[in-house]
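Here are my notes for you to read with the model open beside them. Take the points in order and find each residue on screen as you go.

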Amino acid sequence: GRWLADETESESYNATWPIDRIKVEPSGALSQTRLQFPKEDARTGVSTPLEVYTRFLKQYSAHNMADDFDGWAAMHLFPHTVHTEVMDRTIKAPEGLRDFFDMLGRIIRENGADRFDRAPSRAEFLSSNKICGYHIGTITRGDEVVLGPIKSRMILQRVGPNWFLRSVTNSVANDVFPYKKP
């Protein structure tokens with residue numbers, strides 16, 4: 001029920017923390033410029049949790065379709081948790097997700113899929129830097145469904161200006177991870 005400081009940025013150039021005496025550049029050059037956040041920084045404006053979640057899902061799926069493991073893995077925080085209807089796993093590093101990513105890539109390639117839609121239905125803030133969102137994932141070729149629909153829930157966590165996937169739950173019955181097919 002209280003707001004606490006998460007991050008601060010100022011024109012002082014102290015090299016230690018805690019600050020015992022504020023140091024400011026004698027020329028005043030820093031005061032001539034304004035601190036600027038990156039354009040995509042969630043902290044610069046008002047976004048609903050659903051808007052944040054939707055943007056995240058779009059980028060996440062784009063990495064799947066581009067077969068970009070490094071970009072996709074970089075969207076996760078570790079340790080990372082994966083859940084199905086009957087199984088819970090903790091993944092400690094990106095390579096622990098490699099087989100799952102490769103399985104999705106095989107399904108996309110072998111079926112000539114041209115789209116991986118993760119359609120969000122709702123999302124809400126759990127705290128100032130966490131979002132819980134729900135979506136339905138479907139891999140398609142034209143109008144034909146190749147895989148899905150699969151209901152999913154993701155917990156996103158913001159670190160600095162970026163959102164990362166902390167935990168995912170897929171409504172599949174697989175009891176091992178990774179699995180060969182949902």
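**Notes on the model**

1. Let's start at a loop residue. D68 is partly exposed, since its relative accessibility is 28%, and this residue sits in the loop between α1 and α2. Remember that you're looking at a predicted model. Setting aside residues up to four places away in sequence, D68 touches H63 and F101. Have a look at G105 too: D68 and G105 are 37 residues apart along the chain, and their C-alpha atoms are separated by 9.5 Å.

2. Stay in that loop for a moment. D67 also lies between α1 and α2, and its phi is positive, about 55°, although D67 is not a glycine. Is D67 buried, exposed or partly exposed? With a relative accessible area of 45%, D67 is partly exposed, because that label covers values from 20% to 50%.

3. Now zoom out. The protein has three helices and six strands, and along the sequence they follow the pattern α-α-β-β-α-β-β-β-β. There are 182 residues, of which 37% count as buried. Here's one for contacts between residues at least 6 apart in sequence: 55% of them join residues at least 24 apart.

4. Next, helix α1, which covers residues 49–65. From first C-alpha to last, its 17 residues reach 24 Å, close to the 24 Å expected at 1.5 Å a residue. Which residues of α1 are buried? They are P49, V52, Y53, F56, L57, Y60, S61, H63 and N64. These buried residues are on the same side of α1 because they cover an arc of only 155° around the axis. It helps to recall that an α-helix has 3.6 residues a turn, so residues three or four places apart point the same way.

5. Helix α3 gets the same check on its length. Its 13 residues should span 18 Å at 1.5 Å a residue, and its end C-alpha atoms are indeed 18 Å apart, so the two agree. The buried residues here are F100, F101, M103, L104, G105, I107 and I108. What covers them includes α1, α2, β3, β4, β5 and β6. Just after α3 comes G112, with a positive phi of about 60°.

6. On to the inside. The largest nonpolar core has 35 residues, and those with the most contacts inside it are F56, W72, I139, M154, L156 and F177. The elements giving two or more residues to this core are α1, α2, α3, β3, β4, β5 and β6. Which element gives the most? That's α3, with six residues.

7. W72 is worth clicking on, as one of the residues with the most contacts inside that core. Leave aside its neighbours within four places in sequence, and W72 is in contact with Y60, H63, N64, L97, F100 and F101. Y60, H63 and N64 are among the buried residues of α1, while F100 and F101 are among those of α3.

8. There's some empty space to look for as well. How many cavities of 30 Å³ or more are there? The count comes to one, and about 280 Å³ of space lies in the largest cavity. It is lined by 24 residues, and the closest to its centre are F100, L104, F116, R118 and N170. Two or more lining residues come from each of β1, α3, β3, β4, β5 and β6.

9. Strand β1 has a buried histidine to find. H83 lies in this strand and counts as buried, because its relative accessibility is 19% and the cut-off is under 20%. Not counting residues up to four places away in sequence, H83 touches D88, S167, V168, T169 and N170. N170 should ring a bell: it is one of the lining residues closest to the centre of the largest cavity.

10. Last, a pair of prolines. The peptide bond from F78 to P79 is cis, with omega near 0°, and P79 has its place in strand β1. Another cis peptide bond joins G148 and P149, with omega about 0°; P149 is found in strand β5.

Technical notes
Residues are numbered from 1 along each chain as its sequence is written. This is a predicted model: local features need pLDDT of at least 70, side-chain atom pairs count only at pLDDT 80 or more; totals for chains, interfaces and linings use all residues. Side-chain values use heavy atoms; hydrogens and water are left out. Helices (H or I, at least four residues) and strands (E, at least two) are DSSP runs, numbered from the N terminus. The expected span of a helix is 1.5 Å times one less than its number of residues. Buried means under 20% relative accessible area, exposed over 50%, partly exposed in between (1.4 Å probe, protein chains only). The arc is that of the directions from the helix axis to the C-beta atoms. A nonpolar core is a set of buried Ala, Val, Leu, Ile, Met, Phe, Trp, Tyr and Cys residues joined through side-chain atoms within 4.5 Å. Contact means heavy atoms within 4.5 Å. On a 1 Å grid over the protein atoms alone, a cavity is a set of points where a 1.4 Å probe fits but cannot get out, and a pocket is an open set with protein on both sides within 12 Å along at least five of seven lines; lining residues have an atom within 4 Å of a point. Grid points are joined across faces, edges and corners, and a volume is the space filled by probe spheres set on the points.
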